[in-house]
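Here's a quick briefing to read with the model open beside you. It goes topic by topic, so feel free to jump around.

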Amino acid sequence: MYREIEIFRAVMLTGSTSRAAEKLEISQPAVSQAIRKLEDNAGLKLFARVRGRLHPTQEASALMVDVDEHFIGMEAIAHRLRSLSELGLGRLTIAAYPALGNLFLPRAIASFDIAKRNIQISLKVLSSRDVYQQVMSGQVDFGLMADEIPTSGLEHSPFFRAEGVVVMSKLHPLSRHNIIHPHDLAEVDFLALSPEDTSRQQLDSLMHHLNIPLAVRVETPYSLSICEMARQGIGVGLVNPIVAFDFMHQDLVIRPFSSPVNFSGLLIFRPGKPLSENAKEFMRTLRIQLDKDLRAMRERM
């Protein structure tokens, strides 16, 4: 029946059996015979024959909606196959948590030169939990997530581990300090990451041990939000240095913290799913970009 449906679609698109025959490179009687066979099998009239011409019925128009969806999908698959075989076009799908997905990944993609490599990239910026689910279900090639999510069922490797930095407005009194110490954070409005964040837990443990209370004014899951709020003068925060990198040339003061509070990220993969050469090359680019950004951050501070 597939051939009859293909001929039906050609008649609907061209408006006549003769033009459909030309399009499919078959005879006009073969087109008419296929239409009659399709009508007999379906038990309904698809075309009204008026003065030798075919006019689609309401049933034909309704059927065409489903037929078109099917053929458009098949044409997309055929186009993808042609792209892969003739043009060498590759596709890379990545899921990343916001700390790396919002600004760091776009920088890495730019340095990867996807146009020259003829690669198409799909970047999904999701929570670490959703990144895990995307990798587990095989919907992406690999993922980047924070280390507070268990990696059970997946292969993983460390991507980065770096000490957090303190951010504030250039008008804040602490901006005059070259290094921020824990006691400097006493009695200042503090912009904190969410309690489940492992770096927040490290900071809370440190401050509790030193008996220094934090006056938390705002909590958020995102270092990016803390950087912007600090820039606006709302308070002081401890953030991921990869995120702070993008604020180095804005009105934001970035200072090292005397007590190490670490931020970590993981690369995760689905077991048994080999990585493409494009994925391997891009991960190398990610590590190069990471080293470059962290080095620039250290030099700046």
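Before the sheet makes sense, one term: two strands count as paired if DSSP finds at least two bridges between them. Keep in mind, too, that this is a predicted model. With that in hand, the sheet to look at has five strands in the order 4-3-5-12-6, and it is open, with mixed pairing. The rest of the tour takes in a parallel strand pair, two cavities of 30 Å³ or more, a pocket of about 470 Å³, and a few single residues.

**The five-stranded sheet**

- The edges are strand 4 (119–125) and strand 6 (155–163), each of which pairs on one side only.
- Going from one strand to the next, the twist averages 20 degrees.
- Strand 3 (residues 90–96) runs parallel to strand 5 (residues 142–146), and three bridges link the two.
- If you want a spot to zoom in on, isoleucine 94 has phenylalanine 142 of strand 5 as its bridge partner.
- Helix 6 (residues 104–112) lies across strand 3, strand 4, strand 5 and strand 6. Its direction makes an angle of about 175 degrees with strand 4.

**Strand 8 and its partner**

- Strands of a sheet can pair parallel or antiparallel, through backbone hydrogen bonds.
- Strand 8 and strand 9 (residues 215–220) take the parallel option, with five bridges between them.
- Leucine 191 is bridged to valine 218 in strand 9.
- How many of the five residues of strand 8 are buried? Four are, so the strand is mostly covered, with "buried" meaning under 20% relative accessible area.

**The two cavities**

- Rolling a probe the size of a water molecule over the atoms shows where empty space is left.
- The largest cavity holds about 50 Å³ of space.
- Its lining is made up of Phe190, Leu191, Ala192, Leu193, Ser199, Arg200, Leu203, Leu238 and Phe263.
- Which element gives the largest share of that lining? Strand 8 does, with four residues.
- Strand 8 and helix 9 (198–209) each put at least two residues into the lining of the largest cavity.
- By class, the lining of the largest cavity splits into seven nonpolar residues, one polar and one charged.
- The second largest cavity comes in at about 40 Å³.
- Around the second largest cavity you'll find Pro98, Ala99, Asn102, Leu103, Phe104, Leu224, Ile242, Val243 and Asp246.
- Helix 5 (98–101) and helix 11 (241–244) are the elements that supply two or more residues to the lining of the second largest cavity.
- The class count for the second largest cavity is seven nonpolar, one polar and one charged.

**The largest pocket**

- The largest pocket encloses about 470 Å³ of space.
- There are 27 lining residues, and the closest to the pocket's centre are Tyr97, Ser128, Glu148, Asp197 and Pro221.
- Two or more lining residues come from each of helix 5, helix 8 (128–136), helix 9, helix 10 (223–231) and strand 12 (262–269).
- Strand 12 gives the most to the lining of the largest pocket, namely three residues.
- Sorted by class, the lining of the largest pocket has 12 nonpolar, 10 polar and five charged residues.

**Cysteine 227**

- Cysteine 227 sits in helix 10.
- Is cysteine 227 buried or exposed? It's buried, because its relative accessible area is 0%.
- Leaving out neighbours within four places in sequence, cysteine 227 is in contact with Val167, Val239, Val243, Ala244, Phe247 and Leu252.
- The C-alpha atoms of cysteine 227 and valine 239 are 7.5 Å apart, with the two residues 12 apart along the chain.

**Two glutamates with positive phi**

- Glutamate 25 isn't a glycine, yet its phi is positive, at about 60 degrees.
- You'll find glutamate 25 in the loop between helix 2 (17–24) and helix 3 (28–42).
- With a relative accessible area of 74%, glutamate 25 is exposed.
- Glutamate 187 is a residue other than glycine with a positive phi, near 65 degrees.
- The loop that holds glutamate 187 runs between strand 7 (165–169) and strand 8 (189–193).
- Glutamate 187 counts as exposed, because its relative accessibility is 79%.

Methods: Residues numbered from 1 in each chain as written. Predicted model: local features only at pLDDT ≥ 70, side-chain atom pairs only at ≥ 80, totals over all residues. Heavy atoms only, no water. Buried < 20%, exposed > 50% of the residue type's maximum accessible area, 1.4 Å probe, protein only. Axes fitted to C-alpha atoms, helices over the stretch in contact; angles between N-to-C directions. Contact = heavy atoms within 4.5 Å. 1 Å grid on protein atoms, 1.4 Å probe; cavity = no way out; pocket = protein on both sides within 12 Å on 5 of 7 lines; lining within 4 Å. Points joined across faces, edges and corners; volume = space filled by probe spheres on them. Nonpolar A, V, L, I, M, F, W, Y, C, P; charged D, E, K, R; others polar.
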